[in-house]
Amino acid sequence: MFKLESYITPILLSYVAKYVKNFRDEDAQVSLWEGEVTFQNLDLRLEVLEEELNLPVELVSGHIHELSILVPWTKLMSEPVKIVINTIEFVAKLPDSQSKQRRASFQREQRRKSKRDSVEQPDQTKSPGPASSSSVVNKIINNISLQCHNIILKYVEDDIVVSMNVQTLNFSSAGEDWKATMVDIHPVSVVMRKLLQISDLTICLDKRNTAGRIEVCQEPVLYRCTLECRVLRKYNANTVTTTSTTRIGVFTKSLDINVSSLQFPMVMRLVKMLLELKPAEFEEDPQNPEDQEAVAEGSESQQGTESAGQSVFWWAWSLLPSFDTEAPSSSCDSPTGHAFDLGIYAEELNFQLKNSEYFTDQSMGGIKRIRYTPILRISLGGLYYERTILKECDWANVKAGLSSMCMEPLGAYRSDDPVDRKLVNTQEFQQERSFIDKSLFDENYMFADRSWCSYNYEDYVARNTDEYMLFRSPVLAFDVIEHRVSKPSSHPVAESQLRDLGVRIQYRLLSAGITFHFSQSFVQVKKNR
């Protein structure tokens, strides 16, 4: 007889055991059968997190203060299983040679273990029980929701300390209207929507002394920002190894960035470091034929689903990818491959630069404090950055746009003349939501026909005309296409002409409606930067 508890409980506890050290699921089964189980003071398996997230940094420590699993046994088909985490802390740093060797060793061990498990238990991948039971279990697992309260991440690099705090994080399944709900997933034609909501994101940037202490805490660089991330995954279960589509969108209504003169050099160092960062590379050095076979099998199994996905967060660091191999030219009207699309959208971005200096506050007992003086504010509206790639078809595209811009001096540098007050300004854009057109955040657009993207150059240019680009971002529009020119099939081509065929890069840059004011205020800001 099929008992739902006998299948759901081991699966849930196995996830916890995978990421938590010294976990004994025997002690939690009884509590979970009653509907709720709570764990406290858990140390995380850092190597597993580094491997699964493909982090470019090394996790020094990871700790969960409280973790609860709530299972509504009487409403499992209408309410999701909830995992609630209260206060999770991480400390990270740049990896050294020793940590890289440790990660490579861990990867080799994981591959060998995976191969041994598949040989010893070949039937474990099959569904336990009838097909109806399997579909019920899959629905429950696919709709698990995650709630995290108070996420703390600290990154230390030389004298720089970056602290990030997230007050609330919610991760859940979503319906076609991108509202959190329980969804059914077709076993063959899979369409999955995941919703990630982050509220009250705060980032602080401070400098520590030679003793490793922060003498004075500066104002946050980013304060209480709200983000929403939508992930759309679409594929056919029979062809998932060759074809799939993944879209990721990140949207924020307002992004307020404040940087002081003391923080500016640290920001530049961090930006340079980010530009040089790459995903963790796997250095395999098999010691015996068994290792070689395991590496080969692991590469084949992951080629379809992870070849491009593991680098999704690193596309933004370089403008264009480079194709490693000379793939045969083919028509890409109906492409076969793993398509990835990343979009970042901000309705409003405000950047403020402030001068800062230390002083001793005698009224507070002679403690050291920081005095801030505003210098310059830059306000941008309707920003977007989109990147699409289909490597199997040798196609990559980057689009970016800006709908409004205003730059004005502040404080002592602000002009009394209203005409000269702004250094740069633009006309107000009429279509306030045009910058998210055909994105995952466009309420009037449906993803049914895949018309959001084209992998044929002529078709792409016909869809994305200059007029359309300026409709989305009337102030500044940027478009780069990297594609492979197909060989003509109607008539023979000389060998010398064939050499010209290959990867092409096409650029478009459109701009309109920007006004610059070169006034005395501009000279003052330039001198006092």
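Colleague: What makes D159 and R269 a salt bridge?

Modeller: The closest N and O atoms of D159 and R269 are 3.1 Å apart. The term asks for a side-chain nitrogen of Lys or Arg within 4 Å of a carboxyl oxygen of Asp or Glu, so this pair qualifies. D159 sits in the loop between β4 (145-157) and β5 (160-173), and R269 in helix α6, 110 residues apart. Helices (H or I, at least four residues) and strands (E, at least two) are DSSP runs, numbered from the N terminus. Mind that this is a predicted model, where local features need pLDDT of at least 70, side-chain atom pairs count only at pLDDT 80 or more, and totals for chains, interfaces and linings use all residues. Residues are numbered from 1 along each chain as its sequence is written, and side-chain values use heavy atoms, with hydrogens and water left out.

Colleague: Is R269 buried, exposed or partly exposed, and how do you know?

Modeller: Buried means under 20% relative accessible area, exposed over 50%, and partly exposed in between (1.4 Å probe, protein chains only). R269 has 37%, so it counts as partly exposed.

Colleague: How do you know that E386 and R472 form a salt bridge?

Modeller: Their closest N and O atoms are 3.0 Å apart. E386 belongs to strand β11 and R472 to helix α9 (residues 466-472), with their positions 86 residues apart in the chain. Both partners are buried.

Colleague: And what ties R508 to D479?

Modeller: Another salt bridge, 2.8 Å from N to O. R508 is in strand β16 (residues 503-511) and D479 in strand β15 (residues 476-484), so parts 29 residues apart in sequence are tied together. D479 is buried, at 1% relative accessible area. Elsewhere, salt bridges with shared partners join D158, D159, K207 and R269 into one network. In total, the structure holds 20 salt bridges.

Colleague: Why is T388 with D341 called a polar contact?

Modeller: The distance between their side chains is 2.8 Å. The cut-off is a pair of N or O atoms within 3.5 Å (within protein, one must be able to donate a hydrogen and the other to accept it, and residues adjacent in sequence count only if both atoms are side-chain atoms), so the pair passes. T388 lies in strand β11 (residues 367-390) and is buried, with a relative accessible area of 2%.

Colleague: What is unusual to check about phi at R224?

Modeller: Phi there is positive, about 50 degrees, although R224 is not a glycine. R224 lies in strand β7 (residues 222-236). At 48% relative accessible area, R224 falls in the partly exposed class.
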